[in-house]
Amino acid sequence: MEKEFNGKVYQIPEHVAIILDGNGRWAKKHLMPRNLGHSQGAKVVEQICEDAWDLGIKYLTVYAFSTENWSRPEKEVRALMKLLRKYLEDCIERTSKNNMRVRVIGEKSRLDEDIRRAIEELEDISSVNTGLNFTIALNYGSRDEMVRAVKKIAEECSQGDLQPGQIDEKLFASYLDTRELPDPDLMIRTSGEQRLSNWLLWQLAYTEFYFTDVLWPDFNKEELMRAIVYYNTRERRFGGI
């Protein structure tokens, strides 16, 4: 899909993945508690979902809570889980209003039962929607995802349901959390950090990377479009061709 911006026409990436970084630093900058930074960041997620669909993006995936985030101070983790509960509750109404389909990837077993129930309800209710495909990564780590995939494959091989010779890239990808999604075309990380932090390591093999110093709570439609403009400067080549 193409979109006009400042008098020029740009190709819109089908799938954008974002590492939401900088909530805590934004709060510190504004002399606020870290929790308020996370709250503001959640509001930005809501708006960016609308902006992404308006620009023609079909898939948006965000890194909300990693497997490593459990090591944060207990008070902050509790506040994040409280915010997550409220977000999931509000998201049910919002998905119906915006025709948005929501998926949650990651190892859900460590999440509290009420959060798992809310996720299941949200995914079920939104499964018929035909608008933006919005994916939230919760308790997600790419290495963990791949280890879980290997265990499933090994189990099926041991039971005789799968032969080692059948294993190829396509089959392996079908055991990942993202099996229903195309690989991202563009990955954005906010706050100036330039690392992947265990994020979609398999799926980002041919993705274009865009790093910005903008803190996530300050990210907006204009910043998203800047990333898309950058994406259009890249010559998309695969396999070294």
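# Notebook: strands, cores and cysteines in a predicted model

I began with strand β3 (residues 15-19), which is mostly covered, since 5 of its 5 residues are buried. Here I take buried to mean under 20% relative accessible area, with exposed being over 50% and partly exposed in between, using a 1.4 Å probe and protein chains only. Strands (E, at least two residues) and helices (H or I, at least four) are DSSP runs, numbered from the N terminus. I note that this is a predicted model, in which local features need pLDDT of at least 70 and side-chain atom pairs count only at pLDDT 80 or more, whereas totals for chains, interfaces and linings use all residues. Residues are numbered from 1 along each chain as its sequence is written, and side-chain values use heavy atoms, with hydrogens and water left out.

**Entry: the strands around β3**

I looked at the two faces of β3 separately and found both covered, with H15, A17 and I19 buried on one side and V16 and I18 buried on the other. I then looked up its partners, counting two strands as paired if DSSP finds at least two bridges between them. β3 runs parallel to strand β4 (residues 59-66), to which 5 bridges join it, and within β4 the bridge partner of I19 is Y63. β3 also pairs with strand β7 (residues 186-189), again in the parallel sense, over 4 bridges, and I18 has I188 as its bridge partner in β7.

From β7 I went on to strand β8 (residues 208-211), which runs parallel to β7 and is joined to it by 4 bridges; the bridge partner of R189 in β8 is F211. The side chains of β8 alternate, such that E208 and Y210 point to one face and are buried, while F209 and F211 point to the other face and are not.

**Entry: nonpolar cores**

I next looked up the nonpolar cores, each being a set of buried Ala, Val, Leu, Ile, Met, Phe, Trp, Tyr and Cys residues joined through side-chain atoms within 4.5 Å. The largest has 46 residues, of which I18, L60, F134 and I188 touch the most other members. Helix α3 (residues 74-98) supplies the largest share of this core, with 8 residues. A second, separate core has 10 residues, including I19, I105, L200 and L204.

I listed the surroundings of I18, where a contact means heavy atoms within 4.5 Å. With neighbours within four places in sequence left aside, I18 is in contact with I48, L60, T61, V62, Y63, I188, W199 and W216.

**Entry: two residues with positive phi**

Which non-glycine residues did I note in the loop between β7 and β8? S191 is found in that loop, as is L200. S191 has a positive phi of about 85 degrees and counts as buried at 9% relative accessibility. L200 has a positive phi of about 50 degrees and is likewise buried, with a relative accessible area of 2%.

**Entry: cysteines**

How many disulfides does the structure hold? I found 0 disulfides, a disulfide being taken as a pair of cysteine sulfur atoms within 2.5 Å. C49 is in no disulfide, and the nearest cysteine sulfur, that of C91, is 7.2 Å away. Looking from the other side, I found that the sulfur of C91 has its closest cysteine sulfur in C49, too far for a bond. Both residues are buried, C49 with a relative accessible area of 5% and C91 with one of 0%.

**Entry: an acidic residue in α7**

I looked up E223, which lies in helix α7 (residues 221-233) and is buried, with a relative accessible area of 14%. Not counting residues up to four places away in sequence, E223 touches T212, V214 and D218.

**Entry: the whole chain**

I closed with the overall figures, in which the secondary structure of the protein chain comes to 7 helices and 8 strands. The radius of gyration, taken over C-alpha atoms, is 18 Å, close to the 18 Å that the globule rule gives for 241 residues, so the chain is as compact as a globular protein of that length; the rule is 2.2 Å times the number of residues to the power 0.38. Along the principal axes, the C-alpha atoms fill a box of roughly 55 × 50 × 35 Å. Of the 241 residues, 46% count as buried, and among contacts between residues at least 6 apart in sequence, 74% join residues at least 24 apart.
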